[in-house]
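Colleague: Before I rely on the labels given to this model, I would like to hear the reasoning behind them. Could you take me through it?

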Amino acid sequence: MLEEDVTIDSLTIKVLSYNPDADVELLRKAYVFSREAHCSQKRIEGTPYINHPLSVADILADMKVDVATIAAGLLHDTIEDTGTTPRDIKEIFGDEIAFLVESLTKLGKIEFKTKEEAQAENFRKMLLAMSEDIRVIIIKFADRLHNMRTLQFLPENKRRRIATETLEIYAPLANRLGIGWLKIEFEDLSFSILMPELYDELVRKVAKRKEEQEGYLKEVADAVEEKLREEGLHARVSGRVKHYYGIYQKMQRQRITFDQVNDVLGLRIITDSNAACYTIMGIIHSLWTPIPGRFKDYIAMPKSNMYQSLHTSVIGPKGERVEFQIRTEDMHNIAEEGIASHWKYKEKDAMEDRDAKYIAWLRELIQSQKELRDAREFLEEVKGEVVPEVVYVFTPTGEIKELPVGSTPVDFAYDIHTQVGHKCVGAKVNGRIVPLRYQLRNGDTIEIITSPSHGPSRDWLKFVVTQRAKNRIKQWIKSEERKQSSELGMKLLEVELRKHHLKPALLKTEDMDAIAKEFSMQSFDDLLVSVGYGKVSPHQVINRFLPEKPPEEILLREARPRREQKGISIKGIDHILYHTAKCCFPIPGDVLVGFVTRGRGVTIHRRDCPNLESLAIDNARLVDVDWKPGNETTSTARLMVETVDRPGVIADLSALISSVNVNISHFEATTTQDKKAFINFNLEVRDKIQLSGLIQKIAQTEGVLRVRR
């Protein structure tokens, strides 16, 4: 149904079609309340605002959820965008609906330093509510989906920001909660906004391959169906098309072209029992040769989101590869709807064991992160917890643990408990001592060796992959560095006091907290830490105890010429040496952060620079940095282009770069035995917009496999 066709009548008809006993009067009351509350508001495209909550409710009805959830969907923006209060909702609609609506309301009254911090804190609030009632996230998913479907009316920068957030947070979360169709739509909608030309190209190529192979797949499906009938097995066979973002990810991960992706099209077989799944797989392997290493049994070992299926690839007729997915009807419903399947036709039924596992994961995640004060760290850890590719390993007692691919014994130790991670000195895998950077494999049994006097090493950050391990290690190092910097700061201040023939006892007076506040610090200890890091000089602090300078000396000091800082301003710090980092090459348009290095001034990095993870353990060494407006100079950016090695590839790329008025200041090229070329360009660009446009053009060049900064 198109958005403009959604009415309260069509919504109630849809709800009654799957829930004949639904309280449609409650829905009508929620609709009227929402319509009146939003009566003066319009969407950016000019339509009445009520169309949005109606469309959100319609998506929820498609998911066949209960009436309370749909009513909350109709009311979800009333507290945030109108004069409605939580008390109003509670009095009219009751505690249950009021909780759902309030849980979806942003933290509007709190001031945040950055948009990222606000986003992270709002997300933390929503997840906490979601751990109490999973319907909070189901409504948020419907809200986000309708916003994604209507993003074309927003400015490009806002479209890209929302699409990036959807791709990084909401799509993985939908996947972790098992809602397969939603994850696919989130990914493809985001992909179409972030890389529109590449998306359109894949749409055309997939359509062409579908047209070419439709007859072939029907021939294979007919052969399978005939064989299953002979064996007396009940099953239905249908075609399956891999979604566009999934194809793009595979091309990037395996560094292949579209023509080399073999599982764009495949077949799905849905049958009536687990035993039938294995029997059908055996029949397929008897008809055609299975491809080694391509069989996955997610029935015996389900994915973390409860997904179950058998996957196998064979060399089918005419030597073509064909991928099969074999599952039961119940497995198919779980694969498509996940946690949302619990709310079908139900009001407040007891949750089944399977559904409880989704909530258990979420509550464990919330519990383990209560100690994370920084909301951005919390958000990063959530992102780390929703990775799709995992390995399954065992504790010595046989308990199964699920970790991201690439995890090490240190990741495993922190998954057990923070203190086990901190005290880890070694590990045994399957009874043998292994290095701490050993990458765990499916089926490994891990035993952690600990020592009470041991602490984490900064080197661990180079190989751990779970966000939980990274955050716990950083916290420990941050605490240790803070303690050392505080001690160093005190010593430096004492030395400075002696220079001016003042007693160190001055530092023990009550005035110190007041002096700290003059430096925008919360406490004297914060000030000591900043002195220890070199962010505040001891002389600046001790100056507060010295008599005022004669006026002529002040005038002489002010007459000294200021050094102009071109292009970049460092908040709260004047006259400090700085330089841009050669690891990430920041350019205008990038979000910046400065890292204070003792004796070397400030190094300017991009906020997303991977090297910051190992450098900036303590936020006290980070300073806010901005680009100055009106800067007309160019900046150096570095691009890595991976291409098929062919004659003239460098000339073609150089011509393309020159055609958009970008200068190449330096390039290096290497080739590999498998006919790939890696070309690093140093480019002089105006800003991030110019660079993004160039990256998109290079990505569409024939033979280019990957482009990245």
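**Reasoning behind the labels**

Modeller: Strand S18 and strand S19 (residues 676–685) run antiparallel and are joined by eight bridges. Please keep in mind throughout that this is a predicted model.

Colleague: How do you know that S18 and S19 count as paired?

Modeller: Two strands pair if there are at least two bridges between them, and S18 and S19 have eight, so they are counted as paired. Along this pairing, Thr671 stands opposite Ala677 in S19.

Colleague: What makes S18 and S20 edge strands?

Modeller: The sheet is open, with four strands in the order S18-S19-S17-S20 and antiparallel pairing. Strand S18 (663–671) and strand S20 (704–708) each have a single partner strand, so each keeps one side without a neighbour in the sheet. From one strand to the next the twist averages 20 degrees. Helix H26 (residues 649–659) packs on this sheet, where it touches strand S17 (635–644), S18, S19 and S20, and its direction makes about 20 degrees with that of S19.

Colleague: Which strands stand at the edges of the five-stranded sheet, and how is that sheet ordered?

Modeller: Its order is S12-S16-S14-S15-S13, again as an open sheet, but here the pairing is mixed. The edge strands are strand S12 (568–570) and strand S13 (578–580), each of which pairs on one side only. Neighbouring strands of this sheet are turned by 35 degrees against each other on average, with direction ignored.

Colleague: Why are S14 and S16 called paired?

Modeller: Strand S14 (residues 592–597) and strand S16 (residues 622–627) run antiparallel and are joined by three bridges; the requirement is at least two, so the pair qualifies. Val593 stands opposite Asp624 in S16.

Colleague: Why are helices H20 and H22 described as roughly perpendicular?

Modeller: Helix H20 (residues 467–499) and helix H22 (residues 524–533) pack at an angle of about 85 degrees, with their axes 7 Å apart. Angles of 65 to 115 degrees count as roughly perpendicular, and H20 and H22 are therefore given that description. Among the residues in contact are Leu488, Leu492 and Leu493 in H20, and Phe524, Leu528 and Val529 in H22. By class, the contact of H20 with H22 has nine nonpolar, four polar and four charged residues.

Colleague: What makes the contact between Lys140 and Asp143 a salt bridge?

Modeller: The side chains of Lys140 and Asp143 meet at 3.4 Å, N to O, and the cut-off is within 4 Å, so the pair qualifies. The two residues are three residues apart in helix H9 (residues 135–149), which means that about one helical turn separates them. Buried means under 20% relative accessible area, so Lys140 at 12% counts as buried, and so does Asp143 at 9%.

Colleague: How do you know that Arg149 and Glu185 form a salt bridge, and where do the two residues lie?

Modeller: Their side chains meet at 2.8 Å, N to O, against a limit of within 4 Å. The pair links distant parts of the chain, with Arg149 in helix H9 and Glu185 in helix H11 (residues 180–194), 36 residues apart. Arg149, at 39% relative accessibility, counts as partly exposed, as does Glu185 with 22%. A search of the whole structure finds 31 salt bridges.

Colleague: Why is Lys318 called exposed, and what is unusual to note about its phi?

Modeller: Exposed means over 50%, and Lys318 has 71% relative accessibility, so the word applies. Lys318 is found in the loop between strand S5 (310–315) and strand S6 (321–328). Phi of Lys318 is near 65 degrees, a positive value in a residue other than glycine.

Colleague: Is Phe585 buried or exposed?

Modeller: Phe585 has a relative accessible area of 10%, so it counts as buried. Phe585 is found in the loop between S13 and S14, and its phi is near 45 degrees, again a positive value in a residue other than glycine.

Colleague: What makes Ser34 a buried residue?

Modeller: The relative accessibility of Ser34 is 0%, and Ser34 therefore counts as buried. Ser34 lies in helix H2 (residues 24–37), and, leaving aside its neighbours within four places in sequence, Ser34 is in contact with Ile50, Pro53, Leu74, Leu75 and Thr78.

Technical notes
Residues are numbered from 1 along each chain as its sequence is written. This is a predicted model: local features need pLDDT of at least 70, side-chain atom pairs count only at pLDDT 80 or more; totals for chains, interfaces and linings use all residues. Side-chain values use heavy atoms; hydrogens and water are left out. Axes are lines fitted to C-alpha atoms, for helices over the stretch in contact, and angles run from 0 to 180 degrees between N-to-C directions. Angles under 35 degrees count as roughly parallel, over 145 as roughly antiparallel, 65 to 115 as roughly perpendicular and the rest as oblique. Contact means heavy atoms within 4.5 Å. Ala, Val, Leu, Ile, Met, Phe, Trp, Tyr, Cys and Pro count as nonpolar, Asp, Glu, Lys and Arg as charged, and the others, Gly among them, as polar. Buried means under 20% relative accessible area, exposed over 50%, partly exposed in between (1.4 Å probe, protein chains only).
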